[in-house]
Amino acid sequence: MIFRQLFEAESATYTYLFGCTQTGQAVLLDPVLETMERDLQVLHDLGLRLSYTLETHIHADHVSSARKLKARVGSRIAGPAMDDLPCTDFGVAEERPLSLGSLHFQALFTPGHTDTHHAYLVVDGDTWRVFTGDALLIDGCGRTDFQNGDAATLYRSVQEKLFVLPDATLVYPAHDYQHRHVSSIAQEKERNPRLAGKSSAEFQAIMADLKLAHPQKMAYAVPANLACGQCPEDIPETLRRLCDPSFQGG
C-alpha cells in the first residue's frame, strides 16, 4: 500500500492518501477544498488514479473537496451511510466496508463528536492503522458541543471501539494543532489527559468545561459538506472561486 499524510494548515486538518500498488487506484480521506490541487499533484507524481474520496464525518471547520474532485477527475464519493446524503455514491457502515484493490477500510461507528462519526481501520500486512477523525486526537479528542455531539457517547466510542484495538495500532487523527503526526492506541490509553484513567463522569466534566468558540467556517462549512462540498450562497468569495468546478487553478 502507498500511504501519505498530507496537511492543511489553516484548519490543521490531515488528509490521508492511500494507493493500491496492484491497480493504481487511490482513496483520499477527509480532503480539503483549499489543498485540492496539491492532492491531485501528489496523486499524479505517484502515478495513482483517484477512485474515491472518503469522509469520517460532516466537518465544521473546512469545506470538503469531494464534489469538485468528482467533477474534475470522476472520483466517487463515500462517507457514513447514516448521513444519507444524496450526493454520496457509497455509504460505509461497520457491516459495509469500503474496499478497492488491496485497500480495505473497515468502518468503526464512533459517535460523540457528531452523531454519525466513523473511524476507519486499515490493515497493511503487520501494520495496523486507525484513522480516528475527530473522535480521538493525539492527547485529546474532538469537541462534543454541537452537531448532536455527546460526551458520554464519545467516551463509550473511544473505550469500546478504539481502545480495544491492539496497543501497537497506529493512531492517525483528523487534526493536530501542535504539528504531531501519529500516536498509538497504547500511548493514548496511557497518557491522553482527557481519557487515560478517566471515568465517564470525569470525562463529561472535562468536556463541559472546555467552553470553545465555534469554528470560524462552521456557518458555511456544515451546509457545504452536507452537499459533499457544494458551496452555499453565503460562502466567502475566495472559497466560492475554488468551489466553481470550471476553475482549474490552485
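Let's start with the disulfide, which joins Cys87 to Cys228, with 2.0 Å from S to S. Before I go on, please keep in mind that this is a predicted model. How many disulfides does the structure hold? Just one, so to speak a single staple to look for as you turn the model around.

Where do its two ends sit? Cys87 is in the loop between strand E5 (76-80) and strand E6 (90-92). Cys228 is in the loop between helix H6 (218-225) and helix H7 (237-243). The pair links distant parts of the chain, 141 residues apart. The torsion about the S-S bond of Cys87 and Cys228 is about 75°, so this disulfide is right-handed. And are the two cysteines buried or exposed? Both Cys87 and Cys228 are buried.

Two further cysteines deserve a glance. Cys20 has a relative accessible area of 0%, so we call Cys20 buried. Cys141 comes out at 5% relative accessibility, and therefore counts as buried too.

Since we have just met helix H6, let's stay there for a moment. H6 is mostly covered, with six of its eight residues buried. Which ones are they? In H6 the buried residues are Met218, Tyr220, Ala221, Val222, Ala224 and Asn225. As for what lies over them, the cover includes H7. So when you find Cys228 in the loop between H6 and H7, you can look to either side of that loop and see one helix helping to cover the other's buried residues.

Now let's step back to the whole chain. The protein chain has seven helices and twelve strands. How does its radius of gyration fit with its length? With 250 residues, a compact globule would have a radius of gyration near 18 Å, and the protein chain has 17 Å, which agrees. Its C-alpha atoms fill a box of roughly 50 × 45 × 35 Å, taken along the principal axes. Of the 250 residues, 56% are buried. Among the contacts in the protein chain with a separation of 6 or more, 63% are between residues 24 or more positions apart.

What about the outside? The accessible surface of the protein chain comes to about 10700 Å², and 51% of that belongs to carbon and sulfur atoms. On charge, there are 22 positive and 32 negative side chains, and the centres of the two sets lie 3 Å apart.

To finish, here are two residues to click on. The first stop is Leu17, found in strand E2 (residues 13-19). Leu17 has a relative accessible area of 0%, so Leu17 is buried. What does Leu17 touch, if we leave out residues up to four places away in sequence? Its contacts are Ile2, Phe3, Arg4, Leu6, Val27, Leu28, Val42, Leu43, Leu46 and Leu48. Take Val42 from that list: Val42 is 25 residues from Leu17 along the chain, and their C-alpha atoms are separated by 9.0 Å.

The other stop is Ser51, which lies in strand E4 (residues 49-54). Ser51 has 12% relative accessibility and counts as buried, because the cut-off for that is under 20%. Leaving aside neighbours within four places in sequence, Ser51 is in contact with Gln25, Ala26, Ser75, Arg76 and Leu100. If you then want to travel across the model, go from Ser51 to Leu210: these residues are 159 apart along the chain, and their C-alpha atoms are separated by 39 Å.

Thanks for listening, everyone!

Terms used. Residues are numbered from 1 along each chain as its sequence is written. This is a predicted model: local features need pLDDT of at least 70, side-chain atom pairs count only at pLDDT 80 or more; totals for chains, interfaces and linings use all residues. Side-chain values use heavy atoms; hydrogens and water are left out. Helices (H or I, at least four residues) and strands (E, at least two) are DSSP runs, numbered from the N terminus. The radius of gyration is taken over C-alpha atoms; the globule rule is 2.2 Å times the number of residues to the power 0.38. Buried means under 20% relative accessible area, exposed over 50%, partly exposed in between (1.4 Å probe, protein chains only). Contact means heavy atoms within 4.5 Å. Accessible areas come from the Shrake-Rupley method with a 1.4 Å probe; for residues, only the protein chains shown count as cover. Lys and Arg count as positive and Asp and Glu as negative; His and the chain ends are not counted. The place of a charge is taken as NZ of Lys, CZ of Arg, CG of Asp or CD of Glu. A disulfide is a pair of cysteine sulfur atoms within 2.5 Å.
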